[in-house]
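Subject: Structure handover

Hello,

Here is the structure we talked about passing on. Please open it before reading the notes.

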Amino acid sequence: MTDLMARRRALLGPNMSTFYDEPVHLVRGEGVWLWDAEGRRYLDCYNNVAHVGHCNPRVVEALCRQAGTLNTHTRYLHEGILDYVDRLTATFAEPLKTAILTCTGSEANDIALRMAEAMTGKRGIVATDATYHGNTALVSHLSRSNVPEVGFGLGGLIRHVEAPDSYRIPDPDGQRFAAKVEAAVADLERSGVGFAALIVCPLFLNEGFPTQAEGWLRPAAEVARRAGGLLICDEVQSGFGRSGSHFWAHQRQGVVPDVVTLGKPMGNGHPVAGVVTSEAVMARFRTAFRYFNTFGGNPVSCAVAMAVLDEVEAQGLQGNARRIGTLAAARLRALAERFPMIGDVRESGMVFGAEFVTDRAAKTPDPAYADRVVNAMRDRGVLLSKLGRHRNTLKIRPPMPFGAEHLDILIGTLEAVLTDLDPAA
């Protein structure tokens, strides 16, 4: 392990982050399980990228078959991308019926922002102050967790608004959030930058997936539309059935975005992502920007992405997300009755977690304790992480085949860790 870390520093440069105090050296995966170089097995409760399970046979077969047949790019005619986009856009409401395929969610979000500029002639973007949307020169400025030291002055185009926090900030119908967005829009207009778009993850996953009623986002969406801007929903993490109740999380929020961006789970680890929008937005973007992506939408990527859709449907994984999410929330709430360091429990389908506090009355975040729990879980063979406005919420978003038997292992291990870890130590 020491040699591997030294080689990383020497070959990849400094400041390359790893998970956990003791990094994990993974060599194999299958379903919801991962194995390290010493043969130890870990339950994967973290990786939403392996959406239909690590090394899923249907996806691997599709990849190998197409890679053994042909792989070119979209300047040649090929049915693969058309069949896939046709199938993908059938899961969206009108008028979201066209798509661009990219390699990463970062690229997808970058394109979405350019679409907003093309449609409005303005460049101002509103995002929350606890979000993450990728790492291109522009979208990196949307993040408050990894703020770039430099970046072509693009930071002046962004206004951040208070992220929703259902535990500490009452906002049952989204009106408070909408008012914050409205103030940010007004500030952009006064500054001369102008307002182009509001971009959010409809589950507010990086913000800690606050509990929200269906339709909660609608008031903020109406603010964006009244101001002449676009609503961009970043479904890179929340899409493909993960919310359980809907295939896309924006459907749960009761809105039809102008642009939806996709990524991580789309290729089950293969680098394929995309942007879905209306014919009008697509036509304006294609006119305003010359865009071609050598790898985006290649036949292999499309075959892989199609296999992911097939597997989600064949295995009923959206329904599984809904069922396991409900079970997980109940099990976590039972733990909260015994362990006062759990301040709140939240769940959105196959995304669930507990927020740690130093005391429940003051709701004081305890990110240090969350760190200790994450590392102790890793030491006992369960991989997860943390996130949220205060970095104190367990981030549990396993591959979608995660079942009740796996939930038993997760909760049993968490119970043992909470029993052993004294918050005051």
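My notes on two helices and the nonpolar cores follow.

This is a predicted model: local features need pLDDT of at least 70, side-chain atom pairs count only at pLDDT 80 or more, and totals for chains, interfaces and linings use all residues. Numbering runs from 1 along each chain as its sequence is written, and side-chain values use heavy atoms, without hydrogens or water.

Start with helix α2, residues 57–67. Helices are DSSP runs of H or I, at least four residues, numbered from the N terminus. Its buried residues (under 20% relative accessible area, 1.4 Å probe, protein chains only) are Val 59, Ala 62 and Gln 66. They fall within an arc of 65° seen down the axis, so they line one face of α2. The arc is taken from the directions from the helix axis to the C-beta atoms. Helix α9 (299–314) is among the elements covering them.

Next, the largest nonpolar core. Such a core is a set of buried Ala, Val, Leu, Ile, Met, Phe, Trp, Tyr and Cys residues joined through side-chain atoms within 4.5 Å. This one has 70 residues; Tyr 84, Phe 352, Val 373, Phe 402 and Leu 410 touch the most other members. Helix α9 gives the largest share, nine residues. Another core, of 28 residues, lies apart and includes Ala 118 and Ile 158.

Last, Glu 279 in helix α8 (residues 279–288). Glu 279 is exposed (over 50%), at 61% relative accessible area. Beyond neighbours within four places in sequence, Glu 279 is in contact (heavy atoms within 4.5 Å) with Pro 95 and Thr 98.

Best wishes

Key:
Helix = DSSP H or I, 4+ residues; strand = E, 2+ residues; numbered from the N terminus.
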